[in-house]
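Student: I would like to go through this structure with you, step by step. Could we begin once it is on the screen?

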Amino acid sequence: MSKPNNVFLVGPMGAGKTTIGRIAAKNLSLKFVDLDAEIEKRCGADIPWIFDVEGEAGFRKRESLLLAELAADEGILLATGGGAVIDPQNREVLKSRGCVVYLCASAKQLLERTAHDRSRPLLQVDDPLSVLTRLMKERDPLYREVADLIVETERKKPQFVAEWVTREVRQHRC
Ligand SMILES: Nc1ncnc2c1ncn2[C@@H]1O[C@H](COP(=O)(O)OP(=O)(O)O)[C@@H](O)[C@H]1O
Ligand SMILES: O=C(O)C1=C[C@@H](OP(=O)(O)O)[C@@H](O)[C@H](O)C1
Ligand SMILES: [Mg+2]
């Protein structure tokens, strides 16, 4: 039996899930949903506030609940947050409910793309490069476990990556 007509973007912070997702969703005539933005909307607070008040554990609970709810729909392209793959149940949801695309890049490139904004609590540290490096080591096997497609984004323009994702998803029978 084929999977529902959904696309999930996974990958580390700064891979471009939110940016590429918005463009690829248009190309594929899917409804674009950003999991982090949706959490913020439901909670009425931004992610740094949720991490401050509820801790990372509180954020992960909200993330899992909302992922399960949104993935029950069809016809969506969902940009997940970089840590959504940590929870084994989330990984099952992703694998069973659509085509999963892993956007990857080097830690150095991820740092360049994330250094300018303070919206990612895990990177508000003295040495964000070592955090990105460690998270990639821990999470890369998890991204690969759920991925139907892997797309390299290193030194590629968002528009180019989005076109690539669009073409691959169209060709791929998930
Ligand atoms: N392929 C790319 N090349 C250059 N900059 C990018 C690329 N993809 C995303 N960006 C930029 O990097 C930053 C983080 O992108 P974002 O889409 O928020 O990543 P994610 O959702 O995976 O954390 C944004 O400023 C975005 O414009
Ligand atoms: O990697 C992570 O654990 C996180 C990634 C963020 O999303 P992006 O990957 O869209 O930056 C956001 O969910 C939160 O700050 C935690
Ligand atoms: Mg994002």
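**Annotated sites and a helix pair**

Tutor: Let us start with Ala-15 in this predicted model. Ala-15 is buried, because 25 other C-beta atoms lie within 10 Å and 20 or more are enough for that class.

Student: Where does Ala-15 lie?

Tutor: Ala-15 lies in the loop between β1 and α1. Gly-14 is found in the loop between β1 (7-10) and α1 (17-27).

Student: And Gly-14, is that buried or exposed?

Tutor: Gly-14 is buried, with 25 other C-beta atoms within 10 Å.

Student: Which residues are in contact with each of them, leaving aside neighbours within four places in sequence?

Tutor: With those neighbours left aside, Gly-14 is in contact with Leu-110, Arg-113 and Thr-114. On the same basis, Ala-15 is in contact with Leu-103, Cys-104, Ala-105, Leu-110 and Thr-153. Leu-110 therefore appears in the contacts of Gly-14 and in those of Ala-15.

Student: What does UniProt say about this loop?

Tutor: An unreviewed UniProt entry has the annotation "binding site" for Gly-14, Ala-15, Gly-16, Lys-17, Thr-18, Thr-19 and Arg-120.

Student: Which other residues does UniProt list for "binding site"?

Tutor: The unreviewed entry also lists Asp-36, Arg-60, Gly-82 and Arg-139.

Student: Take Asp-36 and Arg-139. Where are they?

Tutor: Asp-36 is in helix α2, and Arg-139 is in helix α6 (residues 128-146).

Student: How buried or exposed are they?

Tutor: Asp-36 counts as buried, because it has 22 C-beta neighbours inside 10 Å. Arg-139 has 18 other C-beta atoms within 10 Å, so it is partly exposed.

Student: What do they touch, again without the sequence neighbours?

Tutor: Not counting residues up to four places away in sequence, Asp-36 touches Ile-47 and Gly-81. Arg-139, with its neighbours within four places left aside, is in contact with Pro-12 and Val-85.

Student: New topic: how do α2 and α3 pack?

Tutor: Helix α2 (residues 35-43) and helix α3 (residues 47-71) pack at an angle of about 110°, and their axes are 9 Å apart. The two helices are therefore roughly perpendicular to each other, since that class runs from 65 to 115 degrees. Their crossing is right-handed.

Student: Which residues make the contact?

Tutor: From α2, they include Leu-35, Asp-36 and Ile-39. From α3, they include Ile-47, Ile-50 and Leu-66.

Student: How many nonpolar, polar and charged residues does the contact have?

Tutor: The contact of α2 with α3 has eight nonpolar, six charged and no polar residues.

Technical notes:
Residues numbered from 1 in each chain as written. Chains lettered and ligands numbered in written order. Predicted model: local features only at pLDDT ≥ 70, side-chain atom pairs only at ≥ 80, totals over all residues. UniProt positions renumbered as here; feature names shortened; annotations may be inferred. Helix = DSSP H or I, 4+ residues; strand = E, 2+ residues; numbered from the N terminus. Buried ≥ 20, exposed ≤ 12 C-beta atoms within 10 Å, placed from the backbone. Contact = placed C-beta atoms within 7 Å. Axes fitted to C-alpha atoms, helices over the stretch in contact; angles between N-to-C directions. Parallel < 35°, antiparallel > 145°, perpendicular 65-115°, else oblique. Left-handed = near helix turned anticlockwise from the far one by under 90°. Nonpolar A, V, L, I, M, F, W, Y, C, P; charged D, E, K, R; others polar.
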